[in-house]
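Me: I would like to learn how to read a structure like this one, step by step. Could you take me through its features, giving the general idea before each case?

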Amino acid sequence: MASPQDIVMSDEKEDSQTQEPFVPFTLEENIQQLNDIDRSIVELMTHTATALGALTTPVSSDDSNPPASVEAAAQTEAFRKATDTFLETLHSVDVRMKRQILALEEAGIVNLTSSGPRQGHNTTVKASLKPNGMGAIGNLDVGWLNSRSTKVERDMELELWRRAQELLEKDADNTKKE
């Protein structure tokens with residue numbers, strides 16, 4: 001199943017004549033691909049809601065409802081379309097996530113094999129992303145990543161500004177009373 005994000009590959013005959021060197025994705029391209037995957041996951045939730053909505057029977061107090069067989073056929077078709085779209089999107093997310101995982105492995109950030117780099121595309125791989133007890137998962141140091149976050153600093157600054165504002169308001173109230 002093809003998705004709009006898939007790259008169309010040409011025939012092997014053409015590839016052998018115009019062999020271009022392998023160029024890995026840039027950091028920006030990888031981040032954009034991850035953002036696209038994130039959007040597709042949201043679409044998966046929408047497709048799920050649509051499929052479940054097609055299975056529910058609408059409650060209506062009107063006596064002018066169409067025959068149940070016509071409504072059931074429409075519901076079945078809506079469910080089938082939503083399910084097909086869901087599966088296509090899920091396949092697309094699966095393929096793109098595998099590409100991202102392979103990119104992490106190529107960059108040396110994670111090691112998915114216990115015996116070193118991959119030998120071929122069809123080899124079975126057991127993922128081993130266990131933390132080493134020192135804050136690192138593979139070659140990715142979680143502590144280093146967390147130390148680069150400014151969330152705690154921003155929250156503390158916000159709290160200090162609130163305290164300063166309260167102090168000034170309290171001082172202003174005391175000045176008015178005097």
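Me: How many salt bridges does the count come to here?

Reply: A salt bridge is recognised when a side-chain nitrogen of Lys or Arg lies within 4 Å of a carboxyl oxygen of Asp or Glu. By this rule the count comes to six in this structure, which is a predicted model. One of them joins the side chains of Arg 80 and Asp 84, with 2.8 Å from N to O.

Me: Where do Arg 80 and Asp 84 lie, and are they buried or exposed?

Reply: The general idea is that an α-helix has 3.6 residues a turn, so residues three or four places apart point the same way. In this case Arg 80 and Asp 84 both belong to helix α3, which covers residues 68-106, and they are four residues apart, about one turn of the helix. As for exposure, Arg 80 is partly exposed at a relative accessible area of 40%, and Asp 84 is also partly exposed, with a value of 33%. The pair does not stand alone, since a network of salt bridges links Glu 77, Arg 80 and Asp 84.

Me: Which residue forms a salt bridge with Asp 155, and where in the chain are the two found?

Reply: The partner of Asp 155 is Lys 151, and their closest N and O atoms are 2.9 Å apart. Both residues lie in helix α5, residues 151-177, with their positions four residues apart, or about one turn of the helix. Asp 155 is partly exposed, having a relative accessible area of 39%, and Lys 151 counts as partly exposed as well, at 48% relative accessibility. A salt bridge also joins the side chains of Glu 159 and Arg 163, at 2.7 Å from N to O. Because they are four residues apart in helix α5, about one helical turn separates Glu 159 from Arg 163; Glu 159 is partly exposed, with a relative accessible area of 32%.

Me: How should I compare the length of α2 with what its 29 residues should span?

Reply: The idea is to allow 1.5 Å a residue and to set the expected span beside the distance between the end C-alpha atoms. For α2 the expected span is 42 Å and its end C-alpha atoms are 43 Å apart, which agrees.

Me: Which residues of α2 are buried, and which residues make a nonpolar surface patch?

Reply: Buried means under 20% relative accessible area, and in α2 this holds for Asn 30, Asp 36, Ile 37, Ser 40, Leu 44, His 47, Ala 51 and Ala 54. The nonpolar surface patch, of about 270 Å², is made by Ile 41, Val 42 and Met 45. Of these, Val 42 is found in helix α2, residues 27-55, and it is partly exposed, with a relative accessible area of 45%.

Me: How far apart are the C-alpha atoms of Val 95 and Ile 37?

Reply: Distance along the chain and distance in space are separate things to read, and here the two residues are 58 residues apart along the chain while their C-alpha atoms are separated by 10.0 Å. Val 95 is found in helix α3 and is partly exposed, with a relative accessible area of 23%, whereas Ile 37 is among the buried residues of α2.

Me: What does the protein chain contain as a whole, and in which order do its elements run?

Reply: The protein chain has five helices and two strands, and from the N terminus on the order is α-α-α-β-β-α-α. Buried residues make up 12% of its 178 residues. The protein chain exposes about 15000 Å², of which carbon and sulfur atoms supply 59%.

Me: Where is confidence lowest, and where is it highest?

Reply: Where pLDDT is low, the predicted coordinates should not be read in detail. Confidence is lowest in helix α1, residues 12-17, at a mean of 51, and highest in α2, at 90. For the protein chain the mean pLDDT is 76, and 63% of its residues reach 70 or more.

Conventions
Residues numbered from 1 in each chain as written. Predicted model: local features only at pLDDT ≥ 70, side-chain atom pairs only at ≥ 80, totals over all residues. Heavy atoms only, no water. Patch = residues over 30% accessible without salt bridge, like charges linked within 9 Å, V, L, I, M, F, W, Y side chains within 5 Å. Areas by Shrake-Rupley, 256 points an atom, 1.4 Å probe, with all protein chains shown as cover. Buried < 20%, exposed > 50% of the residue type's maximum accessible area, 1.4 Å probe, protein only. Expected span 1.5 Å × (residues − 1). pLDDT = per-residue confidence, 0-100.
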